[in-house]
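I opened a fresh page for a structure I had not looked at before. These are my notes, in the order I looked things up.

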Amino acid sequence: MKKNKEYKRIKGLIAATFTPMDEAGNVNLKAIEDYADLIAHSGITGVFVCGTTGESLSLTVEERKDITAKWIECAKNRFEVIVHVGSNSQKEAMELAAHAEKSGADAIGAMSPCFFKPATINDLINFFIPVAESAKGLPFYYYNMPSMTGVSLSVPKFLKEGKKVIPNLVGTKFTHNDFMEMAQCINLNDKEFEVLNGFDECLICGLALGAKAGVGSTYNYIPQIYQGIMDAMDQGNIEEARRLQMKSIEVVDIIVKYGGGIRGGKAIMKLIGCDCGNCRLPIAPFTDQEYMSLKEDLQKLDLLSL
């Protein structure tokens, strides 16, 4: 990384943001203004934009650039902005990385390509070398999510070998439930790398292994639950952390019922007054009946002001 860019390890909660859409299915940039205020008032550390939750590969390159620029503008230095620049096209990923740095992002992350997949660690490293180089002044995180990419290469090996040729590689967004591998990443090279916990419903597990930060979609609307888990773990109050994690699991169970974290999560955002619209096809739009049913399910938990 460039010497004029101070690198600080991430601590706390990073919200994986939804991409607001209008009724015609176009990106609604104006909605990010109020959305950013919601994030700032929540007290969490930052946002991870245009990732899975942000429907990244359903967006055009220009849309992703516009979303990135708008979030950085609206953040007003109140929270960090990490930009997902991953793409099936290396050239597009490089373009997005360069744009993120030029626009003032705090860091970038990237998933593996998921159509033509890397067969080896070296393949994955070689794909990312020019991507990270395109934003060499920013920390670069490998976004590991085998359930979406279908790529299950060893993350510890990627970090160890990748660091030799990717100077700004600082860690991984670890969205996987292989906690043995997660522990290996955390303890690699005397804890050299950051490991950002990726599954909201397993935050307590990542913290127990030594993670200091998490990235999650449900942080957008129940950040108090996750901050409570972090505080309880810091204080050694395992029972309280477990209780709160179960509250999180109850919410995740509901969004799974309504099509998953992106579809169900966007619907919750509308219910709390931050309308992000529907998802882009092929994810089906939410119906009025589903909104009514979802609201009833959430009210039983008494976790949200609806």
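The entries below go through a helix pair, some aromatic rings, a few backbone spots and two single residues.

**Entry: a helix pair**

First a reminder to myself that this is a predicted model. I started with helix α11, residues 263–271, and helix α12, residues 288–299. How far apart are their axes, and at what angle do the helices pack? I noted 10 Å between the axes and an angle of about 80 degrees. Angles of 65 to 115 degrees count as roughly perpendicular, so that is the word for α11 and α12.

Next I looked up who meets whom. On the α11 side I have Arg263, Gly264, Ala267, Ile268, Lys270 and Leu271. Across from them, α12 brings Glu290, Tyr291, Leu294, Lys295 and Leu298. I sorted the residues of this contact by type and got 6 nonpolar, 4 charged and 1 polar.

**Entry: the loop between those helices**

I stayed in this part of the chain and looked at Pro282, which is in the loop between α11 and α12. Is the peptide bond from Leu281 to Pro282 cis or trans? It is cis, and I wrote down omega near 20 degrees. I marked that bond with a star, because most peptide bonds are trans.

**Entry: aromatic rings**

I counted aromatic pairs and came to 12. One of them is Phe115 with Phe116, where the centres are 4.9 Å apart and the planes make 75 degrees, an edge-to-face pair. Both of these Phe residues are exposed.

Then I checked Tyr219 and Tyr226. Their ring centres are 4.6 Å apart and their planes are at 50 degrees, so I put this pair down as tilted. Are they buried or exposed? Tyr219 is buried at 0% relative accessible area, and Tyr226 also counts as buried, at 0%.

I also found an aromatic cluster made up of Phe127, Phe128, Phe140, Tyr142 and Phe158. One more ring went on the page: Phe48 has Lys173 over its face, 5.6 Å from the ring centre.

**Entry: positive phi**

I looked for odd phi values next, because most residues other than glycine have a negative phi. Asn77 has a positive one, near 65 degrees. Asn77 sits in the loop between α2 (61–75) and β3 (80–84), and at 80% relative accessibility it counts as exposed.

Asp190 is not a glycine either, and its phi is positive at about 55 degrees. I placed Asp190 in the loop between α7 (179–187) and β7 (194–197). Its relative accessibility is 73%, so I wrote "exposed" beside Asp190.

**Entry: Val195**

From that loop I moved on to strand β7, where Val195 is found. Val195 is buried, with 5% relative accessible area. Which residues is Val195 in contact with, leaving aside its neighbours within four places in sequence? My list reads Thr172, Phe174, Met182, Cys185, Ile186, Ala211 and Ala213. For Thr172 I also took the C-alpha separation from Val195: 5.1 Å, with their positions 23 residues apart along the chain.

**Entry: Gln224**

Last, I looked up Gln224, in helix α9 (residues 223–234). At 41% relative accessibility, Gln224 counts as partly exposed. I checked it against Leu303, which is 79 residues away along the chain. The C-alpha atoms of Gln224 and Leu303 are 9.4 Å apart.

How values were computed
Residues are numbered from 1 along each chain as its sequence is written. This is a predicted model: local features need pLDDT of at least 70, side-chain atom pairs count only at pLDDT 80 or more; totals for chains, interfaces and linings use all residues. Side-chain values use heavy atoms; hydrogens and water are left out. Axes are lines fitted to C-alpha atoms, for helices over the stretch in contact, and angles run from 0 to 180 degrees between N-to-C directions. Helices (H or I, at least four residues) and strands (E, at least two) are DSSP runs, numbered from the N terminus. Angles under 35 degrees count as roughly parallel, over 145 as roughly antiparallel, 65 to 115 as roughly perpendicular and the rest as oblique. Contact means heavy atoms within 4.5 Å. Ala, Val, Leu, Ile, Met, Phe, Trp, Tyr, Cys and Pro count as nonpolar, Asp, Glu, Lys and Arg as charged, and the others, Gly among them, as polar. Rings of Phe, Tyr and Trp (its six-membered ring) pair if their centres lie within 6.5 Å; planes under 30 degrees apart count as stacked, over 60 as edge-to-face and the rest as tilted. Buried means under 20% relative accessible area, exposed over 50%, partly exposed in between (1.4 Å probe, protein chains only). A charge sits over a ring if NZ of Lys or CZ of Arg is within 6 Å of the ring centre and within 35 degrees of the ring normal.
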